[in-house]
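Me: I would like to learn how to read the packing of two helices, and after that the layout of a sheet. Could you take me through both, giving the general idea before the case at hand?

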Amino acid sequence: MEFQLQVPTKVIVGKDCVGRNGALFSSFGKRAAIIKSGSAGKNGALSDVVKALEGQGISYHVCGNVPPNPSPEDVAALLGYAPGFDFIIAVGGGSAMDAAKGVAVLAVNDLPPMGLFDKSYAVKPLPVVAVPTTCGTGSEVTAISVLEVGDTKKSFLSPDLFPAAALLDAKYLETLPAQVAVDTALDALSHCVEGYLIQDSWATELFAERAFANFAAYKDALYKRAFSGDELELMLFTATLGGIVISMAGTSAVHTIGYPLTVRKGIPHGRACAFTLGEYVAFSYDTKKEKIDRMCTLLKVNGVEGFQEMIRGLLPGKLEISREELEQYTDISAQAAIGKKNTKPITKGDILNIYLASLLG
Ligand SMILES: [Fe+2]
């Protein structure tokens with residue numbers, strides 16, 4: 001067996017961990033740019049970060065809110081005129097963290113927005129400190145950023161983009177709308193399922209199998225859409241586990257075919273992945289039987305059908321969509337999805353079938 005495990009991000013978990021780790025911010029310099037989501041001002045995360053910076057005498061510039069699913073141009077606009085930062089702090093969900101990685105590159109490299117997708121950068125990106133406020137993306141421990149480009153999403157990746165530190169405090173999730181908590185938890189689950197099934201390694205098994213057991217522990221709370229503090233903490237940490245899994249394994253066709261649902265239909269990312277995840281697991285069963293059976297046992301569901309039923313119970317209802325739209329989405333996403341690592345070779349016909357069975361079945 002051969003695999004690589006690289007988790008260079010210092011992950012700190014615990015209540016009030018931002019306030020209790022002010023000195024950590026100091027270790028990255030004296031001037032910070034804060035890249036935040038709109039909710040960062042309401043859930044207490046932004047004020048905790050600002051207090052921690054002021055306590056250390058670090059000057060800071062709070063950039064405008066990151067829009068959902070930002071484009072490279074949105075990222076460039078966030079940076080504005082203010083140069084000379086030592087490090088970037090991301091406060092928010094995946095959009096804020098992925099935008100912060102783009103800002104970390106553009107702040108020190110004279111590049112047009114699409115230059116983010118260059119394979120390497122002349123100057124090493126600034127360090128990023130991540131304070132996640134949702135429980136899905138895992139971007140706080142990955143070296144990848146996913147941005148919206150045209151009809152789909154595109155990613156850039158550099159080993160220098162692993163956040164230097166991630167501070168996980170579940171209190172910021174207490175004000176998260178319940179369906180957002182569910183949608184992002186489904187994103188984390190999707191990362192673990194996809195990574196687990198497309199890479200056979202002890203390390204992906206270690207993190208994904210722990211994540212499946214965690215998911216089983218809070219799935220009733222997800223159904224009820226009501227969470228205790230302990231459950232939120234477990235959900236937040238499980239998202240980080242999912243980030244470690246995709247950092248090693250990448251994502252499969254599920255993520256790729258979810259992108260048009262987000263870009264064209266406005267379906268939140270985690271929910272978009274969840275819509276087709278069950279069918280992808282069914283599609284994969286003949287080649288990954290043993291792993292899928294173990295996953296279902298850990299998730300405490302009855303086989304593939306039980307897995308699909310669990311996901312259906314967490315989605316807020318059926319999606320209004322036509323066969324024609326799904327044919328278009330297949331055209332948009334097939335090439336990239338086929339090029340991804342998958343559980344077995346996947347064809348354009350398979351992709352259409354997965355869309356149809358998931359959304360019109
Ligand atoms: Fe995702």
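Me: In which sense do helix 5 and helix 9 cross, left-handed or right-handed?

Reply: In general, two packed helices are described by the angle between their axes and the distance between the axes. In this predicted model, helix 5 (residues 178-198) and helix 9 (residues 269-284) have axes that come within 8 Å and cross at roughly 40 degrees, and the crossing is left-handed. Angles under 35 degrees would count as roughly parallel and those from 65 to 115 as roughly perpendicular, and helix 5 and helix 9 are therefore oblique to each other.

Me: Which residues of helix 5 and helix 9 meet?

Reply: On the helix 5 side the contact includes Leu 186, Val 193, Leu 197 and Ile 198, together with Asp 183, Asp 187 and Glu 194, while helix 9 contributes, among them, Arg 271, Cys 273, Leu 277 and Tyr 280. Sorted by character, the residues of this contact divide into 9 nonpolar, 5 polar and 4 charged.

Me: Turning to the sheet, what is the order of its strands?

Reply: The sheet is open and has 6 strands, arranged in the order 1-8-5-4-2-3 with parallel pairing. Strand 1 (10-13) and strand 3 (59-65) are the edge strands, each pairing on one side only, and from one strand to the next the twist averages 15 degrees.

Me: How many bridges join strand 5 and strand 8?

Reply: Strand 5 (residues 128-132) pairs with strand 8 (residues 165-168) in the parallel sense over 2 bridges, and within this part of the sheet Val 129 stands opposite Ala 165 in strand 8.

Technical notes. Residues numbered from 1 in each chain as written. Predicted model: local features only at pLDDT ≥ 70, side-chain atom pairs only at ≥ 80, totals over all residues. Heavy atoms only, no water. Axes fitted to C-alpha atoms, helices over the stretch in contact; angles between N-to-C directions. Helix = DSSP H or I, 4+ residues; strand = E, 2+ residues; numbered from the N terminus. Parallel < 35°, antiparallel > 145°, perpendicular 65-115°, else oblique. Left-handed = near helix turned anticlockwise from the far one by under 90°. Contact = heavy atoms within 4.5 Å. Nonpolar A, V, L, I, M, F, W, Y, C, P; charged D, E, K, R; others polar. Pairing = 2+ DSSP bridges.
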